Amino acid sequence: MMKKHNFYAGPSILNQGVIKNAADAVMNFAGTGLSVLEVSHRGKEFTAVIEEAAQLFKELLDIPEGYEVIFLGGGASLQFYMVPLNLMHKKAAYINTGTWATNAIKQAGYVSKVFGGEVEVLASSEDKNFTYIPKNFVIPEDVDYFHYTSNNTIYGSEIRKDFDCKARLVCDMSSDIFSRPVDISKYDLIYGGAQKNLAPAGVTFVIVKKDALGRFERPIPTMLDYNTHIKKESMFNTPPVFPIYVALQTLKWYKELGGLKVLEKRNLDKAELLYNEIDRNKLFRGTVATEDRSIMNVCFVMNDEYKELEAEFATFAAERGMIGIKGHRSVGGFRASLYNALEMDSVKALVDAMKEFESKH
Ligand SMILES: *Cc1c(COP(=O)(O)O)cnc(C)c1O
């Protein structure tokens with residue numbers, strides 16, 4: 001079979017060795033003679049898995065004392081509601097940088113309707129279809145937290161720095177967690193769906209500073225209370241066993257590779273190669289302001305005078321094994337997701353296809 005280059009935005013590529021380990025455990029998990037799909041989450045083999053996964057989160061991200069790592073269901077989308085439910089008392093500030101940020105703001109609005117509290121949108125790039133990251137805004141000091149999306153998966157923009165501010169920082173890192181070192185001590189809460197850079201769909205990770213919780217009285221339903229899951233070490237209800245198992249395999253692979261500095265370098269190299277080609281090639285152009293370009297999701301379209309070649313290029317690339325490069329419907333054109341597990345040779349294959357297509361036209 002021809003090698004497939006998997007550029008899907010999520011669920012998305014996993015490392016081949018990780019998939020092999022997962023397949024082995026589907027047949028025989030940790031020498032139990034049972035599949036990982038059919039074991040109790042309370043058995044000692046699986047509790048060892050979830051503990052090691054949390055431990056590797058702490059080690060790879062250099063998470064300081066005072067933080068907890070928990071694994072939940074419900075996706076990043078449930079976090080859009082859980083964050084304000086647990087943390088917003090008087091006022092929360094957001095920036096709107098894309099679809100996911102919009103959804104997060106909307107859910108905070110629901111919490112504010114029921115419990116009070118104000119949701120302030122400090123800045124938005126919706127005026128230009130989220131093609132840039134707003135820069136001129138001030139994060140107020142008196143808010144319960146400031147929320148942002150570090151990587152805008154759909155629009156291909158990214159904030160690749162940790163904000164310095166007095167307010168508590170909350171970040172949706174669904175699609176760029178583990179792509180670079182992060183100064184965790186600046187954050188009170190980081191969350192994400194694991195299906196972009198870590199695991200198959202089904203598990204959500206939350207890194208939370210314990211001191212951020214329980215700061216005001218509010219009746220929080222048990223399942224939506226972070227403290228429930230902290231106290232029960234992600235075992236209050238049945239956790240997503242298989243995705244957590246696969247997440248552990250990915251984390252072990254990250255450690256083997258040398259950690260987040262090494263991953264960041266790989267990611268920067270991959271993104272540079274592709275963006276350089278987009279900028280050089282007369283057929284294509286990037287859609288995002290150069291300084292805000294994501295190294296995880298690269299969005300590009302055909303230049304206006306070549307627009308009619310779009311479908312032809314899609315077919316041309318598909319014939320060369322490229323999968324999942326169709327752009328999201330809100331941007332059009334193409335999107336190549338370059339998550340950690342995507343190897344440089346896949347980016348080279350895409351760049352070669354772009355060059356070849358250019359010379360054909
Ligand atoms: C994919 C994604 C989400 C949604 O995740 P679900 O797990 O499907 O709820 C939220 N935020 C970002 C940045 C994403 O990339």
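## The pocket lining

Sort the lining of the largest pocket by class and you get 7 nonpolar, 3 polar and 5 charged residues. Here Ala, Val, Leu, Ile, Met, Phe, Trp, Tyr, Cys and Pro count as nonpolar, Asp, Glu, Lys and Arg as charged, and the others, Gly among them, as polar. This is a predicted model, where local features need pLDDT of at least 70 and side-chain atom pairs 80 or more, while totals for chains, interfaces and linings use all residues. Numbering runs from 1 along each chain as its sequence is written, and side-chain values use heavy atoms, without hydrogens or water.

The lining adds up to 15 residues, with Ile50, Glu51, Ala54, Val69 and Glu233 nearest the pocket centre. Two elements give two or more residues each: helix 2 (44-60) and strand 2 (67-72). Helix 2 has the largest share, 6 residues.

## Around the ligand

Now for the ligand: 13 residues surround it, and Ser77, Thr153, Asp172, Gln195 and Lys196 come nearest. To count, a residue needs a heavy atom within 4 Å of the ligand. By class, this shell holds 3 nonpolar, 8 polar and 2 charged residues. Helix 3 (residues 75-87) chips in the most, 4 residues.

## Contacts with ligand oxygen

Polar contacts here are pairs of N or O atoms within 3.5 Å. A polar side-chain atom of threonine 153 sits 2.4 Å from a ligand oxygen. For serine 77, a side-chain N or O atom is 2.6 Å from an oxygen of the ligand. Alanine 76 uses a polar backbone atom, 3.1 Å from a ligand oxygen.

Note on methods:
On a 1 Å grid over the protein atoms alone, a cavity is a set of points where a 1.4 Å probe fits but cannot get out, and a pocket is an open set with protein on both sides within 12 Å along at least five of seven lines; lining residues have an atom within 4 Å of a point. A polar contact is a pair of N or O atoms within 3.5 Å; within protein, one must be able to donate a hydrogen and the other to accept it, and residues adjacent in sequence count only if both atoms are side-chain atoms.
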